[in-house]
Amino acid sequence: MCFCGTGLAFADPTQPLSPTNIFAPASTPAKSIFGLSLFVLAVTGAIFLVVFALLLYSVVKFRKQRNDDGREPPQVYGSNQVELAWTIIPLLIVVALFMATARVIALVQKTSPPGNAIAITAIGHQFWWEYRYQDLGVVTANELHVPVSDPAHPTPTFIKLLSADTDHSFWVPRLAGKTDLIPNHPNSMWIDPQQTGVYLGQCAQYCGTQHAKMLLRVYVQSKEDFDRWIRQQRQPAFVNDAVSQGQRIFETTACINCHTVSGTVANGRFGPDLTHLMSRDTIAAGAALNTPENLRRWILNPSQIKPGSLMPAMELNEQELDALTAYLETLR
Amino acid sequence: MSTDAIAMPSAAIAPRPIVARLHDWVTTVDHKRLGILYITYALMFLLIAGVEAMIIRIQLIRPHNDFVSPAVFNRLFTMHGTTMIFFVIMPFMFGFANYLIPLMVGARDMAFPRLNAFSFWMTAFGGLLLYFSLVGGNGLYGAGNAPDVGWFAYAPLTSQTFSVGHSTDFWILALLVSGFGSIGTAVNIIATVLCMRCPGMTLAKMPLFAWLNLVMAGLVILAVSPLTAAQIMLLVDRYLGGHFFDTQAGGSAVIWMHFFWVFGHPEVYVLVIPAFAFASEIIPVFSRKPIFGYSVMVGATIAIGFISMSVWAHHMFTVGMSSAANAFFVISTMAIAVPTGIKIFNWLATMWGGKIEFKTPMLFCIAFLFQFLIAGLTGIMQGAAPFDWHLGSSYFVVAHFHYVIVGGILFCLFGAFYYWFPKMSGKMYSETLGKLHFWLFIIGFHLTFDFMHIPGLLGMPRRIYTYEPDRGWDTWNFIVTIGVFFQAAGVLVFLGNLIWSYFRGKVAGSDPWDAWTLEWSTNSPPPAYNFTSPPVVKSRRPLWDLKHPADPDWNYE
């Protein structure tokens, strides 16, 4: 089993075993953990080999022979020298492991944000993620966008972790270890992803019925793409008279109790901000792709896609459903 | 010491009606009957919680499976965990301790027989209360009946806001009630070991089994008390407007975690130290040598007991403790590996130079050594806090603690079943079926729990009812589920063996293993009063002295 771990650690990087492999780090915290984990795997692997060899040897060598004479073997009661040896050697190993571990704890936990760091607040909800870029005036949900960080001139992202209801945990294995989001107990973490791309993860602390479909997507973008995304997210909602019927339905039903569309009367905060819904690849915290069919299906009956989701089925008729979906489709 | 039993005037007496015999079992205060009640009760719950595990694994055999709904899945893992810890392993351990300690220390019964009966029935009713939630409870909003807050029931999921209805109340009350039972039994074990030993048996001449159970009982008192306090606080929160854990009113979710794990981690040792006790009796007898380093084994156990009280927050490396607190719990967690390692080395040294007989109990204990070694090493990995920021709450930790509880504790328990079955029933079990059980179970165990580590390393969190197909977790989960069926087959063979041997097994005699501790000096099964006259001992292996009068142990201890 120790070997499995080592095997995974050295797997061919061009054929990823998994988009969430902890042994494929792409950000400083994950890389420091990776270094420590190789050291720990090597030490525990060596201990395993030694003790396993002793066990195997004694089981084979000291088994009762077929032609046994029936006499009891020599009765040995103990030896203080031997006991001392196998107390002191493990103690030394423990000290070495502790020092290596303490170093990584300090490195990850004692880093404070540099001046150019991006500050984000992530708020866990049953069963979705809210992201607030307080300095940039952007609020979004479920899909986190951060700029790539050049190792020579790092632009790390510092994330403050809050919870609106129960405990959650933010875990994107390739970027960092997990940190819990606990109500009344603000936490923080940081990442500095060094390659663009989409990094996956999901909530890692049981938070209620739909804990399983509280997925995480982190979009690491070049500086230009990130700035463009920020500019676009800061626009108020797109207004289009062609879908005014859908907008009216949205604004006269329970939708607005929970959802915000900036620049309109909809200012609920219980569910995700929908101002730029169509800029996202997925809906329902990553549970489904953001296609018109899925969106329609989701509004008609959320529990078909995500049973236990707190969004109620809106009991709309076919025509209302079409109009509402058409309106949402314009929120780019 | 006497090995005679008083002859029973048997043939003349007609068998008593079944109702009268059942009445005897319900009203008994005899430690052996209560031991068997504990064990039978735990076997029943082992089957129930095992079926729950099978349903969980069938649901996870492939991505986006819909064998059960998320709500049902959440109830299943809550009930599986709670049942296995509180109503399977603990009663098993208490059952064996109850049955064996008075016999091993040469006493007639436990120190407090009525407290013993009271404690058993508290535990029994606690378990029934938990399952009564299926009738009387209502879960998370819209989610039905059995508790579904997870076995460590983190706040604020347990508050009235998120857990409406009564299912969480049943969970609280079940643990509260059985907790009182556990504390009662622990008091009883401590009193028995300290006060009921036969003449000549000083503390240094007690069987290791008694020593280890003494430490276990001390830990029960220290660990179950904070859990009981926390359950009462949670009830106050839910019904009397308290705010201990109510985060919406300024309470602290983290305080609950501390309360739970200051119970939860010593609890691991409450379960595993009795397993060490089985291994410490079985390995010497089947190696034909005394335990290596008796006094070091006692010292290491006491060290484990103390250190285990200071490691709890290694379950909380991801909740945002300060780096100093994290470092403290790293060093205390790794420190506990030292006395545990000493124990493994001593068992190895006991086998070294012996004549090992591969009877079923010994097979289970050898597998235990191998698996417990791996479980300890994966424990060290998670003890390195930054590594745990990945491994914690992932399938890796699930694999790790099942390696401890199944690969370590349950294997030792199976060994103990086979080793003491002849004493408890008077009949010999079937060695063929025992070995079949061993091989089926060990194959199933390794298929399931070796491969379960891998999805954890690939980012799969625990407690998810389904997963996405693009994560590379499918194959591993498939293999894990296949292993479960081998384990289930093994358990069925085990139960079949117990039942068949009880009715059809050969008569075992009082000492089938040529063993050395006092329980083997009386009849199988022992009479109600255990020994016709109080035994007198001069060494740790009284029966060795009896069998080798020319070369007794007391010359060397």
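## A three-stranded sheet in chain A

In chain A, three strands make an open sheet of mixed pairing, ordered 4-10-9. The edges are strand 4 (143–147) and strand 9 (197–202) of chain A. Each has a single partner strand, so one side of each lacks a neighbour in the sheet. On average, neighbouring strands of this sheet are turned by 25 degrees against each other, direction ignored. The model is predicted.

Strand 4 and strand 10 of chain A run parallel and are joined by five bridges. A:Leu144 has its bridge partner, A:Val218, in strand 10 of chain A. Helix 4 of chain A packs on this sheet. This helix touches strand 4 and strand 10 of chain A, and its direction makes about 130 degrees with that of strand 4.

## Chain A as a whole

Nine helices and 12 strands make up the secondary structure of chain A. Its radius of gyration is 27 Å, whereas the globule rule gives 20 Å for 332 residues. Chain A is therefore more spread out than a compact globule. Along the principal axes, its C-alpha atoms fill a box of roughly 100 × 50 × 40 Å.

Of the 332 residues in chain A, 42% are buried. Among contacts in chain A with a separation of 6 or more, 65% come from residues 24 or more positions apart.

## Domains of chain A

The domain assignment splits chain A into three parts. Domain 1 covers 2–63 + 79–109, domain 2 covers 118–234, and domain 3 covers 241–329. The centres of domain 2 and domain 3 of chain A lie 23 Å apart, taken over C-alpha atoms. Domain 2 of chain A gives 18 residues to their contact, and domain 3 of chain A gives 15 residues.

On the side of domain 2 that touches domain 3 of chain A, four elements give two or more residues. They are strand 2 (128–133), strand 3 (138–141), strand 10 (215–221) and helix 4 (223–234) of chain A. By class, this side of domain 2 of chain A holds seven nonpolar, seven polar and four charged residues. Strand 10 and helix 4 of chain A thus appear twice: helix 4 touches strand 10 in packing on the sheet, and both give residues to the side facing domain 3 of chain A.

## Chain B as a whole

Chain B has 16 helices and zero strands. Its radius of gyration is 24 Å, which agrees with the value near 24 Å for a compact globule of 557 residues. The C-alpha atoms of chain B fill a box of roughly 70 × 55 × 40 Å along the principal axes.

In chain B, 61% of the 557 residues count as buried. Residues at least 24 apart account for 80% of its contacts between residues at least 6 apart in sequence.

## Where the chains meet

The contact between the chains takes 82 residues from chain B and 81 residues from chain A. Elements giving two or more residues on the side of chain B include helix 3 (70–104), helix 7 (253–287), helix 11 (360–383) and helix 14 (431–457) of chain B. Helix 10 of chain B supplies the largest share, nine residues. By class, the side of chain B that touches chain A has 52 nonpolar, 22 polar and eight charged residues.

## A buried alanine in chain B

B:Ala375 sits in helix 11 of chain B. This residue is buried, with 25 other C-beta atoms within 10 Å. B:Tyr403 is 28 residues from B:Ala375 in sequence, yet 5.4 Å from it in space, C-alpha to C-alpha. Leaving out residues up to four places away in sequence, B:Ala375 touches B:His400, B:Tyr403, B:Val404, B:Gly407 and B:Gly408.

## Backbone exceptions

Most residues other than glycine have a negative phi, and most peptide bonds are trans. The bond from A:Gln126 to A:Phe127 is cis, with omega near 0 degrees. A:Phe127 lies in the loop between strand 1 (118–125) and strand 2 of chain A. The bond from B:Ser524 to B:Pro525 is also cis, with omega near -15 degrees. B:Pro525 lies in the loop between helix 15 (474–504) and helix 16 (542–547) of chain B.

Two asparagines have a positive phi: A:Asn184, near 70 degrees, and B:Asn530, near 70 degrees. A:Asn184 is in the loop between strand 7 (179–181) and strand 8 (187–191) of chain A. B:Asn530 is in the loop between helix 15 and helix 16 of chain B. A:Asn184 counts as partly exposed, with 17 C-beta neighbours inside 10 Å. B:Asn530 is buried, with 22 other C-beta atoms within 10 Å.

Notes
Residues numbered from 1 in each chain as written. Chains lettered and ligands numbered in written order. Predicted model: local features only at pLDDT ≥ 70, side-chain atom pairs only at ≥ 80, totals over all residues. Domains from an automatic or database assignment. Contact = placed C-beta atoms within 7 Å. Nonpolar A, V, L, I, M, F, W, Y, C, P; charged D, E, K, R; others polar. Buried ≥ 20, exposed ≤ 12 C-beta atoms within 10 Å, placed from the backbone. Rg over C-alpha atoms; globule rule 2.2 N^0.38 Å. Pairing = 2+ DSSP bridges. Axes fitted to C-alpha atoms, helices over the stretch in contact; angles between N-to-C directions.
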